[in-house]
Amino acid sequence: KVYENLVKLGVKKDKILNMHLRQETFPLPSVRSTLPENTKLEIAVRDGGGFGDLLIDYLLIQKIKEIIAAECTISLFSKYADYFRSFPKINESLMLEDFKRNNHFDVVICCHNIPIIEKFNKNRVIEKSKRFYEYCDRYEDMYTNLFSQNANNYRFTKYALLLGKNRIEQLDIYGVLGLTRKERIQIPIARKDLACLDKYNLQDVVYITINRDTGTDFDGHPKLWPIAYYIELLKLIKTAHSDIMLVLVGSDSEERLMPYVDMDLTGKTTLSEMNVILKYAFLHIGNEGGMVHLRHFLFGKSLVFWGATDVR
């Protein structure tokens with residue numbers, strides 16, 4: 001009945017595809033004869049780290065798009081699907097749990113510090129880009145043969161340091177794609193989010209954002225500067241510059257810092273609002289993490305303090 005009514009409405013018969021039923025019971029052209037073959041390379045990038053890692057991983061997506069141009073589609077699977085839907089180089093941004101229901105990709109890259117090539121259709125890739133083929137092939141070889149499929153972040157970071165590569169260059173450690181540490185991304189800022197400065201009374205004040213948050217714990221992580229140092233620093237800033245507002249930001253609340261700041265926004269803002277709050281801050285202070293990376297790509301300066309971590 002649906003078929004008959006579509007035909008009556010003027011839909012051409014060869015535009016209605018026989019997806020599941022037998023030809024003799026549903027006399028329509030088969031899918032194979034009418035559905036154009038998908039000629040684009042389908043690439044999935046799967047989030048394996050935190051928000052800051054994903055911002056850096058977007059540099060890889062941007063570079064792949066630059067090289068393959070209109071010959072590929074890129075799907076990003078992450079915990080931050082809503083945030084990345086406005087990023088121009090991504091064809092679709094989906095939640096991480098949706099990945100298991102999608103297995104049609106030609107290439108699947110799981111990114112944390114090391115891009116792990118989880119799926120690699122060599123015939124399809126080499127048709128579209130010999131350069132991208134070499135990239136996938138070399139990372140696959142490195143992960144399998146050099147690291148015996150056990151390239152944890154610590155081991156890979158040490159390997160990158162031996163090659164003189166920083167966190168951004170780890171995405172293209174052999175320089176195949178030409179991705180350098182100077183690469184930048186343009187963070188899309190929605191007009192509606194600009195109102196958050198009024199919402200949080202930050203429109204006409206000079207303020208510094210502070211973040212001490214690893215997404216896991218407040219004391220056990222080696223990259224965290226001690227809490228006592230943060231408290232002393234905030235006291236010194238407030239004594240020397242009482243006119244500057246100190247604003248605590250991040251996803252988790254650091255209650256021990258609350259008495260020493262003017263405003264606590266932890267857990268109260270969206271990531272899209274943080275685009276605006278960080279962009280217009282006088283300065284950002286915190287540990288290495290998502291807020292620092294976001295501030296960097298918003299072309300802002302940060303003071304980044306480290307705990308018991310290799311200085312490099």
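A residue is called buried when its relative accessible area is under 20%. Keep that in mind for these views, which come from a predicted model.

**View 1. The whole chain, to get your bearings.** The chain carries 11 helices and 10 strands. Its C-alpha trace spans about 85 × 50 × 30 Å along the principal axes. Of the chain's 312 residues, 45% count as buried. The accessible surface comes to about 17,000 Å², and carbon and sulfur atoms own 52% of that. Take the contacts between residues at least 6 apart in sequence: 60% of them join residues at least 24 apart. As for charge, there are 43 positive and 40 negative ones, and the mean positions of the two sets are 5 Å apart.

**View 2. Helix H10 and what covers it.** Which residues of H10 are buried? They are Glu273, Met274, Asn275, Val276, Ile277 and Leu278, so each of these falls under the 20% cut-off. Helix H10 itself takes in residues 271-279. Among the elements covering its buried residues are H4, helix H8 (196-199), S6, S9 and H11. Cys196, whose number is where H8 starts, is buried too, with a relative accessible area of 2%.

**View 3. Helix H11, mostly under cover.** H11 runs through residues 290-297, and 7 of its 8 residues are buried. The buried ones are Gly290, Met291, Val292, His293, Leu294, Arg295 and Phe297. What do these residues pack against? Three helices are on the list, namely H3 (51-68), H4 (81-84) and H10 (271-279). Strands S6 (207-211), S9 (283-286) and S10 (302-304) join in as well. Seen from the other helix, H11 is also part of what covers the buried residues of H10.

**View 4. Phe299, just past the end of H11.** Step off the end of H11 and you meet Phe299, with a positive phi of about 65°. That is a positive value in a residue other than glycine. Phe299 sits in the loop between H11 and S10. Is its side of the story buried or exposed? At 54% relative accessibility, Phe299 counts as exposed. Compare that with Phe297, which is on the list of buried residues in H11.

**View 5. Ala69, another positive phi.** Ala69 is not a glycine, yet its phi is positive at about 55°. Look for it in the loop between H3 and strand S2 (72-78). With a relative accessibility of 43%, Ala69 counts as partly exposed.

**View 6. A cluster of aromatic rings.** A search of the whole structure turns up 18 aromatic pairs. In the pair made by Phe84 and Phe87, the ring centres are 4.8 Å apart and the planes meet at 45°, so this pair is tilted. Phe84 and Phe87 are both buried. Zoom out a little and ring pairs link Phe51, Tyr58, Tyr80, Tyr83, Phe84 and Phe87 into a cluster.

**View 7. Phe120 and Tyr133, a ring pair between a strand and a helix.** Here the ring centres are 5.4 Å apart, with the planes at 50°, so Phe120 and Tyr133 make a tilted pair. What does the pair tie together? Phe120 belongs to strand S5 (residues 115-120) and Tyr133 to helix H6 (residues 130-146), so the pair connects parts that are 13 residues apart in sequence. Phe120 is buried at 12% relative accessibility, while Tyr133, at 21%, is partly exposed.

**View 8. Tyr133 and its surroundings.** Stay with Tyr133 in helix H6. Which residues does Tyr133 touch, leaving aside its neighbours within four places in sequence? Its contacts are with Phe120, Lys122, Val125 and Ile126. If you want a longer reach in sequence, try Val176: it is 43 residues from Tyr133 along the chain, with the two C-alpha atoms 9.8 Å apart.

**View 9. Cysteines without a disulfide.** How many disulfides does a search of the whole structure find? The count is 0. Cys110 shows the spacing, as the nearest cysteine sulfur, that of Cys111, is 7.0 Å away. A disulfide needs the two sulfur atoms within 2.5 Å, so that spacing is no match for the cut-off. Cys110 is buried at 12% relative accessibility, and Cys196 is buried as well at 2%.

How values were computed:
Residues numbered from 1 in each chain as written. Predicted model: local features only at pLDDT ≥ 70, side-chain atom pairs only at ≥ 80, totals over all residues. Heavy atoms only, no water. Buried < 20%, exposed > 50% of the residue type's maximum accessible area, 1.4 Å probe, protein only. Helix = DSSP H or I, 4+ residues; strand = E, 2+ residues; numbered from the N terminus. Contact = heavy atoms within 4.5 Å. Areas by Shrake-Rupley, 256 points an atom, 1.4 Å probe, with all protein chains shown as cover. Lys, Arg positive; Asp, Glu negative; His and termini not counted. Charge placed at Lys NZ, Arg CZ, Asp CG, Glu CD. Phe/Tyr/Trp six-rings, centres within 6.5 Å; stacked < 30°, edge-to-face > 60°.
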